[in-house]
Amino acid sequence: MDLLCLSEAASVASLTDRIINQDFCLARPFLPEGFVDLLILDPPYNLTKNYNGHIFRSQEAEAYTSWFDDVAASLLPFLRPAASVYVCSDWRTSNLVFPVLDKHLHVRNRITWEREKGRGAKANWKNNTEDIWFCTVSDDYYFNVEAVKLKRRVIAPYRFDDGEPKDWEETQNGNYRLTYPSNLWSDITIPFWSMPENTDHPTQKPEKLMAKLLLASSRPNDFVFDPFLGSGTSAVVAKKLHRRFCGIEINRAYCCWAAKRLQQTEDDSTIQGYSDGVFWERNSLNDQTPHKIHRTPRGNTLELFNE
Ligand SMILES: C[S@@+](CC[C@H](N)C(=O)[O-])C[C@H]1O[C@@H](n2cnc3c(N)ncnc32)[C@H](O)[C@@H]1O
């Protein structure tokens, strides 16, 4: 896939399913108005982080807030009236982005998800969560809760008097219940070495997490825009779920990784942790049908490890 670099006004068609390798601030004057149905915003958090040579430095709270306000405000003209917006952050950055989002959008919820990884701290609680703010442009927005149900093992298998399972299903592989998703997600696994989606990007988001956002807040063929694309997770998931996408990423190597991942979807369009139209809790791979098969670079197949 050829990477784009914008220097004149771009049409929606010319941006569809493309990656722009450019500083978002330099690309944005050329973007069309009102083309985005779902905005995924996963900007650098207010932490010093080396993105493959592009170093983002932690700033005073005021400076970060002002930077983020500029980013958020400049994105508003690209949103359609019924668009949804998800913004990722860590607990500290969350406090800075919330007032900005509250000023420009309708903030509807804060999702907190468990990273299940992270360094232990000797004199503090291990930092094991991240936030995702859910916002909309207006009160008219799309939300498909049926598409993001969670399949969980039944701990208390209550039955009706006639012996039939109450709200749960008895299967060969165990007893499961389909539940409505809350804003606390403990079924997410950070990509690790044995997962095909894994890259060396330092803050890569899991495909399963992104799939929840896309399935809840976009329809097939909707336009998903991600101005801080990183390793391309939102674009890859958009392609797998038949949404249109466009992403911007300043780092060329990351753009190439994203393009490679997009290419790989031709052979494998599965999303780990999502099958049979539902999201599965962690460590349930053996119960999912069909088992997902991953092709190795040599063309062999190997069954995925549990998440
Ligand atoms: C938090 S990461 C996004 C990770 C991504 N969601 C993924 O799953 O891989 C933020 C990304 O923004 C990129 N970035 C930082 N400043 C940028 C800018 N001004 N324009 C475009 N991309 C930028 C960084 O290189 C980094 O890859």
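1. Long-range contacts. Residues 24 or more positions apart account for 65% of the contacts in the protein chain that have a separation of 6 or more. This is a predicted model. The protein chain holds 7 helices and 17 strands.

2. Overall dimensions. The C-alpha atoms fill a box of roughly 65 × 45 × 45 Å along the principal axes. A compact globule of 307 residues would have a radius of gyration near 19 Å, and the 20 Å of the protein chain agrees with that. Of the 307 residues, 34% count as buried.

3. The sheet. An open sheet is built from 8 strands. Their order is β1-β13-β12-β2-β5-β7-β6-β11, and the pairing is mixed. The edges are β1 (18-21) and β11 (184-185), each of which pairs on one side only. In general, strands of a sheet pair through backbone hydrogen bonds, either parallel or antiparallel.

4. Strand β2. Follow residues 36-41, which make up β2. In this strand 6 of the 6 residues are buried, so β2 is largely enclosed by the rest of the structure. On one side, β2 pairs with β5 (residues 79-89) in the parallel sense, over 5 bridges. Ile-40 stands opposite Tyr-86 in β5. The bridge partner of Leu-41 in β5 is Val-87. β2 also runs parallel to β12 (residues 223-226), joined to it by 2 bridges. There, Leu-39 faces Phe-225 of β12 as its opposite residue.

5. Strand β13. β13 spans residues 244-249. It is mostly covered, with 6 of its 6 residues buried. Arg-244, Cys-246 and Ile-248 point one way, while Phe-245, Gly-247 and Glu-249 point the other way. Residues on both sides are buried, charged Arg-244 and Glu-249 included. In a regular strand the side chains alternate between the two faces of the sheet.

6. Neighbours of β13. Parallel pairing with β1 runs over 4 bridges. In that pair, Arg-18 has Cys-246 of β13 as its bridge partner. Parallel pairing of β13 with β12 also runs over 4 bridges. Here Val-224 is matched with Phe-245 in β13 as its bridge partner. Helix α7 (residues 252-264) lies across β1 and β13, at about 170° to β1.

7. Helix α3. This helix covers residues 61-75, 15 residues in total. From first C-alpha to last it reaches 21 Å, close to the 21 Å expected at 1.5 Å a residue. Which residues of α3 are buried? They are Tyr-64, Phe-68, Ala-72 and Leu-75. Seen down the axis of α3, the buried residues fall within an arc of 65°, so they line one face of the helix. That set packs against β2, β5 and α4 (91-104). On the other side of α3, Glu-62, Asp-70 and Ala-73 are exposed.

8. Helix α5. Residues 207-217 form α5, a mostly covered helix with 10 of its 11 residues buried. Check the polar and charged positions here: among the buried residues are Glu-207, Lys-208, Lys-212 and Ser-217. Leu-209, Met-210, Ala-211, Leu-213, Leu-214 and Leu-215 are buried too.

9. Leu-47. Where does Leu-47 sit? It is found in the loop between β2 and β3 (49-51). Leu-47 counts as partly exposed because it has 14 C-beta neighbours inside 10 Å. Leu-47 and Ser-58 are 11 residues apart in sequence, yet 4.3 Å apart in space, C-alpha to C-alpha.

10. Positive phi angles. Most residues other than glycine have a negative phi. Asp-167 has a positive phi, near 65°, and is not a glycine. It lies in the loop between β8 (150-153) and β9 (169-171). Asp-167 counts as exposed because it has 11 C-beta neighbours inside 10 Å. His-242 also has a positive phi, about 65°, although it is not a glycine. His-242 lies in the loop between α6 (233-240) and β13. With 12 other C-beta atoms within 10 Å, His-242 is exposed.

Definitions and conventions. Residues are numbered from 1 along each chain as its sequence is written. This is a predicted model: local features need pLDDT of at least 70, side-chain atom pairs count only at pLDDT 80 or more; totals for chains, interfaces and linings use all residues. Two strands pair if DSSP finds at least two bridges between them. Two residues are in contact if their C-beta atoms, placed from the backbone, lie within 7 Å. Axes are lines fitted to C-alpha atoms, for helices over the stretch in contact, and angles run from 0 to 180 degrees between N-to-C directions. The expected span of a helix is 1.5 Å times one less than its number of residues. A residue is buried if 20 or more other C-beta atoms lie within 10 Å of its own, exposed if 12 or fewer, and partly exposed in between; C-beta atoms are placed from the backbone. The arc is that of the directions from the helix axis to the C-beta atoms. The radius of gyration is taken over C-alpha atoms; the globule rule is 2.2 Å times the number of residues to the power 0.38.
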